[in-house]
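Biologist: Please take a close look at the open and enclosed space in this model, with attention to what lines the largest pocket.

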Amino acid sequence: MITMMWFSRDTIDLHTHSTFSDGTFTPLQLVKYAEEKGLKAFAITDHDTTEGVKEAKSIETNVEVISGVEISTRYDKKEIHIVGLYVNENDADLNKQLKYYREKRVTRNFEILEKLNSLGVNITIDDVKESCTGDVISRAHIAKALVSKGFVGSYTEAFDRYLGDNKCAYVPRETLNYEESMELITKAGGVPVLAHPLLYKMSDTNLENMMVKLRQKGLKAVEVYYSTHSNSDTQHIMAMANRVGLIYSGGSDFHGATKPKIDMGTGMGKLAVPYEILEKIRGERNG
Ligand code: AMP
Ligand code: MN
Ligand code: MN
Ligand code: MN
């Protein structure tokens with residue numbers, strides 16, 4: 001009994017996507033799933049939009065729904081992602097900027113389709129829209145269309161052959177720089193978090209230097225808990241965060257069927273983000 005109680009700690013998930021970006025769960029399905037999974041709180045952190053958050057906030061539930069957003073930015077020519085937690089989803093400036101970048105995506109999507117067409121891969125924007133329910137069409141949707149039209153055998157193959165960074169149909173995307181994205185999040189009342197630090201495949205020295213620079217520009221937290229982290233990865237990023245002076249965040253990066261191996265709350269099976277870290281994150285709102 002004592003052991004049971006020891007393990008029944010409250011857990012949360014501070015990184016999930018809905019159908020408003022490239023996830024396959026609607027905000028309502030996310031809320032219901034969070035209830036089912038027994039999460040005490042979760043954040044919707046869609047790419048470039050807060051529309052899913054607005055919808056989720058209108059749902060009655062015992063789970064704390066945290067408004068979030070994930071913004072792609074540049075650091076030293078590398079794409080890095082900044083999650084904003086507790087942003088005001090109705091903030092006019094934030095929504096205006098996000099809309100601008102969503103519109104930039106539209107142009108970019110047509111450029112990707114042009115490249116694909118010139119390679120004999122004849123898919124159209126309507127094919128892509130069939131796998132897209134929300135506001136943001138990303139490479140994830142183009143990849144799904146390539147699978148459903150039979151041009152590739154799998155989602156992964158779509159990236160390996162065509163859509164991955166610097167592959168033959170890749171087109172870079174106009175993004176905010178990291179200072180701007182963190183300022184936008186902070187001005188909207190949110191807490192800027194460095195997402196999935198180990199996905200950038202940087203050396204330890206470069207990663208820690210980047211964290212130092214980002215912190216000087218307003219970064220408050222880093223995802224020490226993440227679906228693909230081993231225990232030692234988590235310890236490693238925690239130690240780095242402690243040295244740099246960042247607090248802990250974390251989440252699964254749940255996308256539903258887009259990333260079938262990753263489950264909400266539990267990631268690839270071992271993820272458990274403790275509720276306690278949320279209190280510190282809340283404490284970072286508005287300085
Ligand atoms: P975009 O924002 O349009 O650049 O597309 C980003 C989406 O594509 C995200 O959902 C990523 O998870 C996915 N993505 C990017 N690169 C890869 C890759 N190499 N393999 C699988 N998914 C990827
Ligand atoms: Mn995504
Ligand atoms: Mn990301
Ligand atoms: Mn994400």
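Modeller: For the classes used below, Ala, Val, Leu, Ile, Met, Phe, Trp, Tyr, Cys and Pro count as nonpolar, Asp, Glu, Lys and Arg as charged, and the others, Gly among them, as polar. On that basis, the lining of the largest pocket in this predicted model is made up of 17 charged, 12 polar and 12 nonpolar residues. The pocket holds about 1400 Å³ of space. Its lining comprises 41 residues, and those that lie nearest the centre are H81, R139, F159, L199 and K259. Two or more lining residues come from each of strand 3, strand 4 (78-85), helix 4 (92-118), helix 6 (139-148) and helix 7 (155-163). Helix 7 provides the largest share, four residues.

H81, one of the residues nearest the centre of the largest pocket, is also a metal ligand. The manganese ion (ligand 3) is coordinated by H81 through ND1, by E70 through OE and by H196 through NE2, at 2.0 to 2.2 Å. Along the chain, these donors follow the spacing E-x10-H-x114-H. Distant parts of the chain are linked by the pair E70 and H196, which are 126 residues apart. E70 belongs to strand 3 (residues 64-75), whereas H196 sits in the loop between strand 6 (191-194) and helix 9 (204-216). Both E70 and H196 are buried. A further manganese ion (ligand 2) is 5.9 Å from the manganese ion (ligand 3).

The second largest pocket contains about 280 Å³ of space. It is lined by 15 residues, with H229, S230, N231, T234 and K270 nearest its centre. Strand 7 (221-226) and helix 10 (231-244) each contribute at least two residues to this lining, and helix 10 gives the most, with four. By class, eight of the lining residues are polar, six are nonpolar and one is charged.

As for enclosed space, the structure has one cavity of 30 Å³ or more. The largest cavity has a volume of about 50 Å³, and its lining consists of D48, I71, S72, Q97, L98, Y101, R173, T175 and L176. Strand 3 and helix 4 are the elements that give two or more residues to this lining, and helix 4 gives the most, with three. The lining of the largest cavity divides into four nonpolar, three polar and two charged residues. Strand 3 thus recurs in the description: it holds E70, and it gives two or more residues to the lining of the largest pocket and to that of the largest cavity.

Technical notes
Residues numbered from 1 in each chain as written. Chains lettered and ligands numbered in written order. Predicted model: local features only at pLDDT ≥ 70, side-chain atom pairs only at ≥ 80, totals over all residues. Heavy atoms only, no water. Donors = N, O, S within 2.8 Å, 3.2 Å for Na, K, Ca; no water. Buried < 20%, exposed > 50% of the residue type's maximum accessible area, 1.4 Å probe, protein only. 1 Å grid on protein atoms, 1.4 Å probe; cavity = no way out; pocket = protein on both sides within 12 Å on 5 of 7 lines; lining within 4 Å. Points joined across faces, edges and corners; volume = space filled by probe spheres on them.
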